[in-house]
Amino acid sequence: MFYQDAAHDDNTPVHPVSAPDYMPVDQMRALQLHRLQGMVRQVYENVSLTRKRMDERGVRPEHIKSLRDIALLPFSVKDDLRDEYPFGLFASPMNDIVRFHCSSGTTGKPIVIGSTKNDIILWQQVCMRALAMCGVRSSDIMQVTYGYGLFTGGLGMHYGGEGLGCAVLPISGGNTDRQLMMMRDMGVTVMACTPSYFLHLIDEGHKRGIDFRTDTKLRHGIFGAEPWTEEMRVKIEQSSGITAHDIYGLTEICGPGVANDCQYHNGLHIFEDHFYPEIIDPATLEPLPDGESGELVFTTLTRTGTPMLRYRTRDISRINTKPCECGRTIRTFERVKARSDDMLIIRGVNVFPSQIETGLLKVERVLPHYMIVISREGDLDRLEVQVEVTSETLSDDIKSLEKLKADIAQSIRHIINISAVITLVEPNTLPRSEGKLCRVKDLR
Ligand code: DLL
């Protein structure tokens, strides 16, 4: 059976791999419970750390009788993977493992995730569903600029694209000149990279006289691996003429392909037949109902290499209660704008970088390249936001530049209730990155 995706203008039927996106909700819940029960059994039998934690709580696999019973299970966190480095959380024998991916984190040993042959097939399927949801079709030419290697971005998007029948250009990150040349020469229609790198490509294109709207065949961007805002999405679409989609995932759960937004951008649809989502209160660790904001937690329902029970992502979001117009029945969560560990405390106020981005990009004439610098002045925190504007803007008279700065400061203050010092800088002077971009310098 083929599913017509109302949203896509090209009228091609959605690939049959997307069928679970449209499964009746009660069938989905039954499937999730069935899979959860099997997964808990497998982890209990094969992962000593989890078995020990379940035994301490007096929980046994047969106690999982409904999806609510998931709350009986212990959480897992990144430190478990570090403590059990490299293979302690594997639930399949090494003979069945065919691939490793790693995520480095900021300090110490990387975390190692193992996949069986079947895990790789299922990962490809969710990546295909994500790309199909963005309107990617077999006729597309996709440039994968995410890094290939231990990072999951490159290979995840690569297998997803090939699975749909696209022509994939596995160029990986770096070498902007070559990226732009091949994008144009090969008539690339889909770009998969971080949103910040795409912005960089747009700018570098401009410098070489390339307008993405008229001089390329690009139609979709599959952007993720770092937080970005709705305002950023609009800026990207306006300056490149493409449709920008948000793809979410993390190494511990598989990589990209955990969730993705459809053309209505109502949030990211979770491939919940494979990844069971929960939102918890990060302070009390109690599960929160759909609609409430908290920390995203995932349980893998089908992975057997390194399955995760109740993995705390540190990403903050909420599960939406309203069904999406696209007809998919799988739930959505709100775009991940922040990680709990990215939270800044400025003058005693909790601030997320994405809130500053939202305020900033509401102001016209501001380019989407900025840096947040926090320092100390006496006893007080000082918040400075450096932002690029065009050279024409910078050549305006002092009065209009002061007005622009005041407008930006007010727009930011409106959201975070803190005054920021605004510094306008020349275009192309703030850092760019091929991978995840850090836009915060905390000098305190
Ligand atoms: O970033 C996997 C990925 C690759 C996702 C390519 C999308 C595209 P990690 O390096 O393990 O895996 O980082 C995972 O990145 O917990 C979030 O904090 C953040 N993240 C990933 N996607 C998004 C997104 C990959 N769309 C961590 N929006 C996650 C916001 C994101 N944050």
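**Close-up 1. Residues around the ligand in the predicted model.** Asp-246, Ile-247, Thr-251, Asp-315 and Lys-436 come nearest among the 20 residues around the ligand. By class, this shell is made up of nine nonpolar, five polar and six charged residues.

**Close-up 2. Secondary structure elements around the ligand.** At least two residues of the shell come from each of helix H5 (152–164) and strand E7 (243–250). E7 gives the largest share, with five residues.

**Close-up 3. Polar atoms of the protein beside the ligand.** The side chain of Asp-315 places an N or O atom 2.6 Å from an oxygen atom of the ligand. Backbone atoms lie beside ligand nitrogen as well: a polar backbone atom of Ala-225 is 3.1 Å from a nitrogen atom of the ligand, and for Glu-226 the distance from a backbone N or O atom to a ligand nitrogen atom is 3.4 Å. On its own the ligand has 610 Å² of accessible area, of which the protein covers 94%.

**Close-up 4. The second largest pocket, between domain 1 and domain 2.** This pocket has a volume of about 410 Å³. Its lining consists of 22 residues, and Glu-334, Arg-335, Lys-337, Ala-338 and Ser-354 are the closest to the pocket centre. Two or more lining residues come from each of helix H9 (230–240), strand E13 (311–318) and helix H10 (353–361). The pocket lies between domain 1 (16–341) and domain 2 (345–442) because both give residues to its lining.

**Close-up 5. Residue classes in the lining of the second largest pocket.** The lining holds nine polar, eight charged and five nonpolar residues.

How values were computed. Residues numbered from 1 in each chain as written. Predicted model: local features only at pLDDT ≥ 70, side-chain atom pairs only at ≥ 80, totals over all residues. Heavy atoms only, no water. 1 Å grid on protein atoms, 1.4 Å probe; cavity = no way out; pocket = protein on both sides within 12 Å on 5 of 7 lines; lining within 4 Å. Points joined across faces, edges and corners; volume = space filled by probe spheres on them. Helix = DSSP H or I, 4+ residues; strand = E, 2+ residues; numbered from the N terminus. Nonpolar A, V, L, I, M, F, W, Y, C, P; charged D, E, K, R; others polar. Domains from an automatic or database assignment. Near = heavy atom within 4 Å. Polar contact = N/O pair within 3.5 Å; in protein donor to acceptor, adjacent residues only side chain to side chain. Areas by Shrake-Rupley, 256 points an atom, 1.4 Å probe, with all protein chains shown as cover.
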